[in-house]
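Subject: Structure for your review

Hello,

Here is the structure that I said I would pass on. Please look through it before reading my notes underneath.

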Amino acid sequence: MKPTALVIGAGIGGIATAARLAKNGYSVTVLEKNEQPGGRCNQIIRDGHRFDIGPTLFLMPEVWEETFASLGEKFSGYLDLLRIDPTYKVRFEDGLQLELTSNIGKMQTQLEKVEKTAFTGFLNYIAEGSKHYKISLEKFVGRNFYNLFEYFSLLNLPLIFQLKALTKHYSNVSRFFKDERLKAAFTFQNMYLGLSPYDAPATYSLLQYTELAEGVWYPMGGMYAGIQALVKVAEKLGVRFVYNAPVKKLSVEGSKVTSAELEDGRIFTADIFIGNADLPYIYDQLLQDRVEAKKLNQKLYTCSTIMFYWGVDKQYPQIAHHNVFLGGDYKASFDRIFKDHTLPDEPSFYINAPARTDESAAPKRQDTLYVLVPVGHLDEKSNQDWDALVARARQKVLDRLAKEMNINDLKDHIKFEIIHTPKIWKEKFNLAKGAAFGLSHNFWQVGYLRPHNRHAKYKNLYFTGASTHPGTGLPIVLLSARLTTERILKEMGTITEKNMIAVPTAVKA
Ligand SMILES: Cc1cc2nc3c(=O)[nH]c(=O)nc-3n(C[C@H](O)[C@H](O)[C@H](O)COP(=O)(O)OP(=O)(O)OC[C@H]3O[C@@H](n4cnc5c(N)ncnc54)[C@H](O)[C@@H]3O)c2cc1C
């Protein structure tokens with residue numbers, strides 16, 4: 001008999017872990033709270049408009065390729081990737097515009113117009129980012145740590161300094177650029193991890209390297225095509241998905257989880273359990289572990305977002321596929337988000353117009369617009385009036401589009417509007433504090449210091465996803481799925497046709 005695994009949540013981490021376990025001989029069931037898979041990487045289709053609701057930047061395709069290959073499939077047979085270059089246009093309130101591109105000549109012309117030495121700074125910065133990317137992936141992100149000594153080993157310590165893990169990203173970027181706008185243009189990407197560049201380690205210059213050197217891609221059909229492809233592969237491997245199946249509680253006995261109970265009373269048992277729902281939520285709600293939940297609650301969380309999904313009956317060609325609008329006082333805006341947990345006075349925001357690349361995203365001559373405005377996560381102590389904050393964010397977006405792109409009639413052409421606030425991120429996906437990207441990634445919350453991918457006491461409870469090791473972002477969560485599976489196979493013993501019968505259904509402690 002095959003050993004059984006129960007995955008709680010069909011986010012990208014849950015799907016990929018389920019598929020990998022099935023490929024390795026497990027009988028796997030995935031319980032998903034919502035009506036469809038994908039979690040934060042989801043889609044809304046309305047009146048011919050197709051919105052990706054969360055991720056829009058497809059990064060590190062090589063990680064996807066590795067995932068599909070390990071499942072016995074060819075990635076290119078499932079997704080049609082297109083490189084988006086220039087990746088995006090960054091707009092500043094004073095009128096400066098920069099087109100970030102892998103075209104070195106174009107970068108040189110643009111940067112030297114702003115600051116004489118900026119191009120040299122840029123080359124050095126990207127070279128450092130490349131070093132950070134390679135060391136991080138190989139030595140920290142792409143592997144499990146089973147104890148603190150492994151993490152802080154004598155071999156790793158010099159690498160931690162090489163990665164500038166103790167230097168703040170913003171102060172490090174000042175070594176390469178003097179102009180405040182350039183410093184902003186090469187650090188705002190920290191927001192992808194839900195981090196302020198004033199707190200993030202300088203290690204994250206790897207993000208700019210990833211985007212410009214490895215590329216920003218778009219899967220035709222939208223980001224959700226990636227989820228659909230993974231689900232197809234998982235189902236082919238025998239994974240069973242159960243939708244509209246919110247787990248209410250995990251029952252435990254001694255050092256094991258014994259079953260998962262759904263809100264409708266159904267009970268599922270298995271040999272091993274994998275939590276893909278947000279990790280702090282699992283400790284708090286499903287395990288009701290007050291002590292751990294309190295500790296997790298005190299950790300740092302990423303920011304949240306106010307989202308506008310607009311179905312528009314007109315096209316605005318001025319809006320490119322990816323557009324970044326940076327707000328006035330850069331430092332103050334991060335303080336407002338990360339310290340005051342609110343909306344900055346002059347918010348930065350991002351607009352995605354997928355129909356620029358993929359006509360199937362909107363009806364003919366119409367537009368599908370996604371607006372992401374970073375905002376503080378939910379905080380009971382802050383006075384958060386979401387209706388007022390949403391109204392202010394919306395007006396700021398419309399004002400800047402009018403001022404900088406001469407788009408004055410958008411309000412009249414919005415056929416419908418769907419709004420997500422941090423409250424929706426929390427309610428729909430059970431994200432702790434509505435933090436869109438999960439637990440934060442400062443020095444104290446990465447590597448072995450991040451919540452581990454196996455429970456300390458319940459030896460058959462594993463975790464996969466953004467709030468466990470290695471962290472957030474689609475490719476990083478795919479790595480999480482790989483690492484969690486590797487750990488399970490290591491601790492359970494690899495299953496082969498030969499030993500399948502012999503593997504005990506109970507997990508060895
Ligand atoms: C607005 C936004 C923009 C982003 N942009 C990018 C980007 O451009 N590029 C990028 O790479 N990443 C981006 N990310 C990050 C990326 O989306 C996440 O890191 C990734 O999707 C997390 O996947 P996951 O599997 O860890 O979790 P989730 O996607 O949260 O999946 C967890 C699943 O568990 C389910 N669940 C929760 N509770 C229960 C329960 N009790 N019972 C059963 N099921 C349950 C949830 O419904 C969900 O489906 C973005 C995220 C957001 C929110």
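The notes below cover the ligand site, the salt bridges, one strand group and one threonine.

This is a predicted model, in which local features need pLDDT of at least 70 and side-chain atom pairs count only at pLDDT 80 or more, while totals for chains, interfaces and linings use all residues. Residues are numbered from 1 along each chain as its sequence is written, and side-chain values use heavy atoms, with hydrogens and water left out.

Ligand site

There are 39 residues around the ligand, and Glu32, Tyr281, Thr472, Gly473 and Leu474 come nearest; a residue counts as near if one of its heavy atoms lies within 4 Å. By class, this shell is made up of 23 nonpolar, 13 polar and three charged residues. Here Ala, Val, Leu, Ile, Met, Phe, Trp, Tyr, Cys and Pro are nonpolar, Asp, Glu, Lys and Arg are charged, and the others, Gly among them, are polar.

Among the polar contacts (pairs of N or O atoms within 3.5 Å; within protein, one must be able to donate a hydrogen and the other to accept it, and residues adjacent in sequence count only if both atoms are side-chain atoms), two involve ligand oxygen atoms: a backbone N or O atom of glycine 13 lies 2.9 Å from one, and a polar backbone atom of alanine 466 is 2.8 Å from one. Asparagine 430 places a polar side-chain atom 2.9 Å from a nitrogen atom of the ligand. On its own the ligand has 1000 Å² of accessible area, and the protein covers 97% of that (Shrake-Rupley method, 1.4 Å probe; for residues, only the protein chains shown count as cover).

The elements that give two or more residues to the shell are H1, strand S17 (367-375), helix H16 (422-429) and helix H17 (474-492). H17 supplies the largest share, three residues. Helices (H or I, at least four residues) and strands (E, at least two) are DSSP runs, numbered from the N terminus.

Salt bridges

The structure holds 28 salt bridges, each a side-chain nitrogen of Lys or Arg within 4 Å of a carboxyl oxygen of Asp or Glu. One of them joins the side chains of arginine 20 and glutamate 66, at 2.8 Å from N to O. Because arginine 20 lies in helix H1 (residues 12-23) and glutamate 66 in helix H2 (residues 61-70), the pair ties together parts that are 46 residues apart in sequence. Arginine 20 is buried at 7% relative accessibility, whereas glutamate 66 is partly exposed at 32%. Buried means under 20% relative accessible area, exposed over 50%, and partly exposed in between (1.4 Å probe, protein chains only).

Aspartate 409 and lysine 314 form another salt bridge, with their closest N and O atoms 2.6 Å apart. This pair links distant parts of the chain, 95 residues apart: aspartate 409 is in the loop between helix H14 (386-405) and helix H15 (410-413), and lysine 314 is in the loop between strand S14 (304-312) and strand S15 (322-325). Aspartate 409 is partly exposed at 22%, and lysine 314 is partly exposed at 29%. In addition, salt bridges link Asp94, Asp179 and Arg181 in a network.

Strands S6, S7 and S15

Strand S6 (residues 88-91) runs antiparallel to strand S7 (residues 97-100), with four bridges joining them; two strands pair if DSSP finds at least two bridges between them. Lysine 89 stands opposite glutamate 99 in S7. S6 and S7 form a hairpin with five residues between them, and glycine 95 in the turn has a positive phi of about 105°. S6 also pairs with S15, in the parallel sense and over three bridges, where arginine 91 stands opposite phenylalanine 325.

In a regular strand the side chains alternate between the two faces of the sheet. In S7, Leu98 and Leu100 point to one face and are buried, while Gln97 and Glu99 point to the other and are not.

Threonine 368

Threonine 368 sits in strand S17 and is buried, with a relative accessible area of 1%. Its side chain makes a polar contact with the side chain of histidine 49 at 3.1 Å. A polar atom of the threonine 368 side chain also lies 2.6 Å from the backbone oxygen of alanine 361.

Regards
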